Amino acid sequence: MLLLYLMSELFPTQTRAIYIDHQLQSRSDEWGWLVQQHADALNIACIVQKVSVEAGNLEQQARDARYQAYRQHLTSNEFLVLAHHQQDQAETLLLRLFSGAGVNGLAAMQQLDVRQEMTIWRPFLELSRDQIEQWAMQLGFDYVTDPSNHDTYYDRAWCREQLWPMLQQRFPKMQAAIARSSYLMQDAAEILDQVLQADWQQCATDHQLDLIKLAQLSAARQRQLLSAWMKGNDQYRPSYDMVQRLQHEVILAKPDAQATLHFNQHYFVRYQKKIYRLTKAERYAEKISISPKVVMQPCQIDQTIHVAAGKFKIESQVMGLSTQLLNRELTLISRQGGEKIHLYGRVGHWPLKKAIQEAQILPWLRHTIQILVVDNVMLGVFSPKGFWLAQSDYLEQGGWQPSLISDCNDFFQQSFSHDE
């Protein structure tokens with residue numbers, strides 16, 4: 001309520017208020033009405049929105065529901081302004097310490113928190129609760145204290161009601177000291193993030209990680225990179241134990257082991273000297289049935305075609321297949337094993353298996369490879385890495401070739417969803 005008042009003074013024409021009714025308290029409707037009355041008196045637009053809180057960890061589920069509602073109402077050029085204060089900051093650090101958090105967790109809340117989906121500003125983060133209450137009393141407006149703040153069933157309320165007085169009696173300045181530690185941790189986290197970004201560029205992409213380059217880092221930097229890489233775009237990093245499992249069960253597994261770790265909707269699979277992060281569809285791609293023989297209908301230049309290996313576009317090339325073939329039905333044959341290919345521009349026939357290995361096509365994608373033929377003549381091969389043109393009597397200057405637009409992941413995702 002103090003924040004609402006101050007924002008109306010500082011930014012009277014740029015402020016909107018939103019009250020989230022979690023529907024967890026019998027009087028939450030009255031509280032929403034109180035916020036609405038104050039906003040109206042201050043000429044501030046106000047939204048009162050009810051949300052449903054799912055079962056489980058009530059504090060976490062309520063937070064998730066609240067932020068989901070915030071995202072619905074924020075525009076791209078707006079800040080979300082929250083009234084977290086110094087005690088909130090100190091409590092957050094302690095609770096994260098009790099859960100075994102690292103530097104990023106102990107950095108707690110940032111005053112200006114720039115996230116992918118929103119930017120949060122916490123102008124009260126260095127103010128104590130006592131200072132805020134005194135300020136509110138001087139201004140003389142009503143406010144509500146949520147009774148759940150005193151329910152010691154919840155960890156934060158227990159920390160506030162039972163642990164806090166005991167610690168403060170022994171260490172009178174501990175709240176400011178703990179909050180200061182969070183700012184020191186934020187500095188440390190920023191430095192570590194700079195190291196992480198450099199290590200990421202050297203060792204990783206979003207979907208694969210080079211184990212040879214990873215081994216050149218110190219043990220601590222390896223753990224930090226693995227933790228961030230496993231997290232990906234998810235909200236939280238994996239636990240320390242989960243990072244250790246990736247190291248022991250996958251990275252350090254025997255070379256011939258089919259080492260896989262499942263974490264947070266992804267599968268981490270080692271192949272040769274790399275680890276790959278796969279979706280469920282990618283992990284079980286080999287189970288998707290692909291017809292051993294498919295007749296392709298006549299196609300045209302600039303036409304997009306879909307095959308098991310991905311999406312391709314028919315394009316004119318300096319050297320390619322005869323344009324007369326565009327008017328004919330061609331056949332796609334799945335690889336059976338033992339085939340040989342005479343790649344255009346290379347001498348002699350090669351085992352197709354060797355070409356696949358040289359192209360480093362991952363084992364779980366190899367079943368998508370299809371051979372394009374006409375009248376029992378190999379014209380080329382569709383692979384997840386592109387179309388490989390074969391030497392044949394059907395080549396000509398100014399001919400055509402399929403060009404890869406996107407790989408087979410979309411095909412797997414659609415097929416897997418359909419099977420489920």
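Two strands are taken to pair where DSSP finds at least two bridges between them. On this basis, strands S17 and S18 of the predicted model form a hairpin, with 2 residues between them. The two strands run antiparallel and are joined by 4 bridges, S18 covering residues 386-389. Within this pairing, Gly 380 has Leu 389 of S18 as its bridge partner.

Strand S17 also takes part in a hairpin with S16, again with 2 residues between the strands. In the turn of this hairpin, Asp 375 has a positive phi of about 50 degrees. S16 and S17 are antiparallel, and 5 bridges connect them. One of the facing pairs consists of Gln 370 and Phe 382, the latter in S17. Strand S17 spans residues 377-383, and because 6 of its 7 residues are buried, the strand is largely enclosed by the rest of the structure.

Gln 370 lies in strand S16, which comprises residues 370-374. The relative accessibility of Gln 370 is 3%, so the residue counts as buried, the limit for that class being under 20% relative accessible area. When neighbours within four places in sequence are left aside, the contacts of Gln 370 include Gly 380, Val 381 and Phe 382. Phe 382 is thus both a contact of Gln 370 and the residue opposite Gln 370 in S17. Gln 370 is also in contact with Leu 332, Ile 333 and Ser 334. Further contacts of this residue are made with Ile 290, Ser 291 and Val 294, and with Val 307 and Ala 308.

Val 307 belongs to strand S11, which spans residues 304-307. This strand is joined by 4 bridges to strand S12, residues 310-321, and the two run antiparallel. S11 and S12 form a hairpin with 2 residues between them. Across this hairpin, Thr 304 is placed opposite Lys 313 of S12.

Strand S12 has further partners. With strand S20, residues 400-407, the strand S12 is joined by 8 bridges in an antiparallel arrangement. Gly 310 has Asp 407 of S20 as its bridge partner. Strand S19, residues 395-397, likewise pairs with S12 in the antiparallel sense, here over 3 bridges. In that pairing, Leu 321 faces Leu 395 of S19. In a regular strand, side chains alternate between the two faces of the sheet.

A separate description applies to strands S3, S4 and S5. These form an open sheet of 3 strands with mixed pairing, in the order S3-S5-S4. Strand S3 (80-81) and strand S4 (112-114) are the edge strands, each pairing on one side only. S3 and strand S5, residues 119-121, run parallel and are joined by 2 bridges. Leu 80 has Ile 120 of S5 as its bridge partner.

Arg 96 is located in helix H4, which covers residues 86-98. The relative accessible area of Arg 96 is 31%, so this residue is classed as partly exposed, a class that lies between the limits of 20% and 50%. Leaving aside neighbours within four places in sequence, Arg 96 is in contact with Ala 101, Asn 104, Gly 105, Leu 106 and Ala 108. The C-alpha atoms of Arg 96 and Ala 108 are 8.0 Å apart, the two residues being separated by 12 residues along the chain.

For the chain as a whole, the secondary structure comprises 14 helices and 20 strands. The radius of gyration of the protein chain is 30 Å, whereas a compact globule of 420 residues would have a value near 22 Å. Taken along the principal axes, the C-alpha atoms fill a box of roughly 90 × 50 × 35 Å. Of the 420 residues, 41% count as buried. Among contacts with a separation of 6 or more, 62% are between residues 24 or more positions apart. The exposed area of the protein chain is about 24,500 Å², of which 48% is supplied by carbon and sulfur atoms. The chain carries 40 positive and 45 negative charges, and the mean positions of the two sets are 9 Å apart.

Conventions:
Residues numbered from 1 in each chain as written. Predicted model: local features only at pLDDT ≥ 70, side-chain atom pairs only at ≥ 80, totals over all residues. Heavy atoms only, no water. Rg over C-alpha atoms; globule rule 2.2 N^0.38 Å. Buried < 20%, exposed > 50% of the residue type's maximum accessible area, 1.4 Å probe, protein only. Contact = heavy atoms within 4.5 Å. Areas by Shrake-Rupley, 256 points an atom, 1.4 Å probe, with all protein chains shown as cover. Lys, Arg positive; Asp, Glu negative; His and termini not counted. Charge placed at Lys NZ, Arg CZ, Asp CG, Glu CD.
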